[in-house]
Amino acid sequence: MNSRDDIKKKVREIVAHCLDNNIDPDDLKEDTQLGENLHFDSIVYISLIVMLEDQFNVIIPDDSLSLVQYTTYGDIENMILRVIEDVN
């Protein structure tokens with residue numbers, strides 16, 4: 001299985017790709033605000049969830065899908081790490 005660092009790197013790449021605003025994945029920090037800094041909206045969020053599920057071959061539980069739970073990039077990263085850990 002992938003290491004936590006590999007997973008974090010891939011999550012950064014996926015988030016940057018979903019945002020489609022030429023953001024460098026390395027510029028995503030744990031405290032980067034999704035709405036304020038990245039203009040993250042519900043359409044981007046749905047795309048992100050689908051891409052994360054496909055990439056990591058997991059199903060993100062419905063109780064983890066509320067956008068209001070996630071205000072920073074770190075929140076998204078921690079969510080997918082938890083989901084992957086729960087699968088293993």
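What follows is a walk through the helix packing and a few backbone oddities of this predicted model. Residues are numbered from 1 along each chain as its sequence is written. Local features need pLDDT of at least 70 and side-chain atom pairs count only at pLDDT 80 or more, while totals for chains, interfaces and linings use all residues; side-chain values rest on heavy atoms, with hydrogens and water left out.

Start with the α3/α4 pair, where helices are DSSP runs (H or I, at least four residues) numbered from the N terminus. Helix α3 covers residues 42-56 and helix α4 residues 73-87; their axes sit 12 Å apart at an angle of about 35 degrees. Those axes are lines fitted to C-alpha atoms over the stretch in contact, with angles running from 0 to 180 degrees between N-to-C directions. The crossing is right-handed, that is, the near helix is turned clockwise from the far one by less than a right angle. On the α3 side the contact (heavy atoms within 4.5 Å) uses Y45, L48, I49, L52 and F56, and these meet I76, M79, I80 and I84 of α4. In terms of chemistry, that contact holds nine nonpolar residues, no polar and no charged ones; nonpolar here takes in Ala, Val, Leu, Ile, Met, Phe, Trp, Tyr, Cys and Pro, charged is Asp, Glu, Lys and Arg, and the others, Gly among them, are polar.

As for α4 itself, its 15 residues reach 22 Å from first C-alpha to last, close to the 21 Å expected, the expected span being 1.5 Å times one less than the number of residues. Its buried residues (under 20% relative accessible area, 1.4 Å probe, protein chains only) are Y73, G74, I76, E77, M79, I80, L81, V83 and I84. They pack against α1 (4-19), α2 (34-38) and α3.

Helix α1 tells its own story. Its 16 residues should span 22 Å, and its end C-alpha atoms are indeed 22 Å apart. Buried in α1 are I7, V11, R12, I14, V15, A16, C18 and L19, and these pack against α2, α3 and α4. Right after α1 comes D20, with a positive phi near 50 degrees.

Positive phi turns up in the loops too. H39, in the loop between α2 and α3, has a phi near 55 degrees despite not being a glycine. N57, in the loop between α3 and α4, is another non-glycine with a positive phi, about 50 degrees. H39 is exposed (over 50%), at a relative accessible area of 60%, and N57 is exposed at 70%.

Terms used:
Helices (H or I, at least four residues) and strands (E, at least two) are DSSP runs, numbered from the N terminus.
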